[in-house]
Amino acid sequence: MKWEKYTVATTTAAEDIISAMLAELGIEGVEIENNVPLTDEEAGDMFIDFPPELPPDDGTSRVSFYLEAGEDHEALLARVHAALEAQRQYLDIGSGEITKSQTEDADWMNNWKQFFKSFTVGEILIKPTWEERSEKDTGKILIEIDPGISFGTGKHETTQLCIRQLQKYAKMLEADGLGWKALDVGCGSGILSIVALKLGAASVTGMDIDENCIVSAQENMHTNRLDEALWHFYRGNLIGDKSVQERETDGYEIVLANILADVIIPMAPALFSCLKKGGVLITSGIIDFKEQDVAKALEGAGFELLETNRQGEWVNITARRK
């Protein structure tokens, strides 16, 4: 379906009011573009190490809405113009000019799939659900993944760093004849939880602050035909939620935290408490220039640092609860 995009040139002071005004006129959903810097809280919610670099905030804003192409929207647009002029009596709405453009008839939800192909990490083959398995990959441990609306194809350097470490320490636990349980903090699509079970974990618990990730992880577990008795996912936050912290105390041989440096640092004491004595923490999502900050936080929480690995600009730190 093709859509016509209409953009109102306005001000940041008026953008919320104009958005509400459009909703009252029956226009569902708007897009707001401005140069207002993100707050620390907003940047944290986006799980990014680098907030976007924006031009200086000049007080302008662009509020866009979409109408189906090919339809007669003249009457509706006339009401929008009239409502804008009415608002001008009470606040600065800027020029209020409306410009029109047309979007492409594209399947935005699925076009990204052309960039996700099968690949291997050590002895593990990670394959999108829509792709056939190649004969050359026979013998590999197969993981099928459909990230859906959550992060986690396994392609990113941070995830691959965790997968390699997980393979290494799972083999060590197996050699010692120990059964082991894993906790996946910030589970995303559940890919690390799936790897853990495929490598012999007795059970896996995954948590994330985003309910969409919980749904995606559960779906991927079913896709890989993993017994529901072996896994559990729930929405939770180890930082600041004492009920979650108490629930996950002293229970795991391996804890996975592929998050971000600025999340791992304050979470370090809680991660320590999740592990059994001698248990291993595998972290990633650490941008290289924050490596020392994370290492210091882990040591401060009581961890013994075991090794550091790098891929591109990303860092893995593996540590043990002494």
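**Exercise 1. A strand and its surroundings**

How many of the five residues of strand 8 (residues 181–185) are buried? Work it out, then trace the bridges onward to the neighbouring strands.

*Solution.* A quick reminder before starting: this is a predicted model.

Step 1. Take under 20% relative accessible area as the cut-off for buried. Four of the five residues of strand 8 pass that test, so the strand is largely enclosed by the rest of the structure.

Step 2. Now look sideways. Strand 8 runs parallel to strand 9 (residues 203–208), and five bridges join the two. If you want a residue to click on, try Leu183: its bridge partner in strand 9 is Thr205.

Step 3. Stay on Thr205 and carry on outward. In strand 10, its bridge partner is His232. Strand 9 and strand 10 also pair in the parallel sense, over five bridges.

**Exercise 2. The seven-stranded sheet**

Put the strands of the sheet that holds strand 8 in order, find its edges, and place helix 6 and helix 8 against it.

*Solution.*

Step 1. Reading across, the order is 10-9-8-11-12-14-13; the sheet is open, and its pairing is mixed.

Step 2. Check the ends of that order. Strand 10 and strand 13 (303–311) are the edge strands, each pairing on one side only. Going from one strand to the next, the twist averages 15 degrees.

Step 3. Add the helices. Helix 6 lies across strand 9 and strand 10, at about 165 degrees to strand 10. Helix 8 also packs on the sheet, where it touches strand 8, strand 11, strand 12 (275–287), strand 13 and strand 14 (314–321). Its direction makes about 170 degrees with that of strand 12.

**Exercise 3. The four-stranded sheet**

Which strands stand at the edges of the sheet with the order 2-3-1-4? Once you have them, pack two helices on the sheet.

*Solution.*

Step 1. This sheet is open, has four strands and is paired in the antiparallel sense. Strand 2 (31–34) and strand 4 (98–102) have a single partner strand each, so one side of each is left without a neighbour in the sheet. On average, neighbouring strands are turned by 25 degrees against each other, direction ignored.

Step 2. Move inward. Strand 1 (residues 3–11) and strand 3 (residues 60–68) form an antiparallel pair over nine bridges. Tyr6 has Phe65 of strand 3 as its bridge partner.

Step 3. Pack the helices. Helix 1 (residues 15–24) touches strand 1, strand 2 and strand 3, and its direction is about 15 degrees from that of strand 3. Helix 3 (residues 74–88) touches strand 1, strand 3 and strand 4, with about 160 degrees between its direction and that of strand 3.

**Exercise 4. Two helix pairs**

Describe how helix 8 packs with helix 9, and how helix 4 packs with helix 5.

*Solution.*

Step 1. Two numbers do most of the job: packed helices are described by the angle between their axes and the distance between those axes.

Step 2. For helix 8 (residues 261–274) and helix 9 (residues 291–300), the axes come within 8 Å and cross at roughly 15 degrees. Angles under 35 degrees count as roughly parallel, so helix 8 and helix 9 get that label. Their crossing is left-handed.

Step 3. Now the contact itself. Ala261, Ile264, Ile265 and Ala268 in helix 8 meet Asp293, Val294, Ala297 and Leu298 in helix 9. Sorted by class, this contact has seven nonpolar, no polar and one charged residues.

Step 4. Repeat for helix 4 (residues 157–175) and helix 5 (residues 191–198). Here the axes are 10 Å apart, at an angle of about 15 degrees. Helix 4 and helix 5 are therefore roughly parallel to each other, and their crossing is right-handed. Thr159, Cys162, Ile163 and Leu166 in helix 4 meet Ile191, Leu192, Val195 and Ala196 in helix 5. The class tally is seven nonpolar, one polar and no charged residues.

**Exercise 5. Positive phi in the loops**

Where do Arg225 and Asp250 lie, and is each one exposed or partly exposed?

*Solution.*

Step 1. Arg225 has phi near 55 degrees, a positive value in a residue other than glycine. Its loop runs between helix 6 (211–223) and strand 10 (231–235). With 64% relative accessibility, Arg225 counts as exposed.

Step 2. For Asp250, phi is near 55 degrees, again positive in a residue other than glycine. Asp250 lies in the loop between helix 7 (242–247) and strand 11 (252–258). Its relative accessible area is 43%, so Asp250 is partly exposed.

Key
Residues numbered from 1 in each chain as written. Predicted model: local features only at pLDDT ≥ 70, side-chain atom pairs only at ≥ 80, totals over all residues. Heavy atoms only, no water. Pairing = 2+ DSSP bridges. Axes fitted to C-alpha atoms, helices over the stretch in contact; angles between N-to-C directions. Contact = heavy atoms within 4.5 Å. Parallel < 35°, antiparallel > 145°, perpendicular 65-115°, else oblique. Left-handed = near helix turned anticlockwise from the far one by under 90°. Nonpolar A, V, L, I, M, F, W, Y, C, P; charged D, E, K, R; others polar. Buried < 20%, exposed > 50% of the residue type's maximum accessible area, 1.4 Å probe, protein only.
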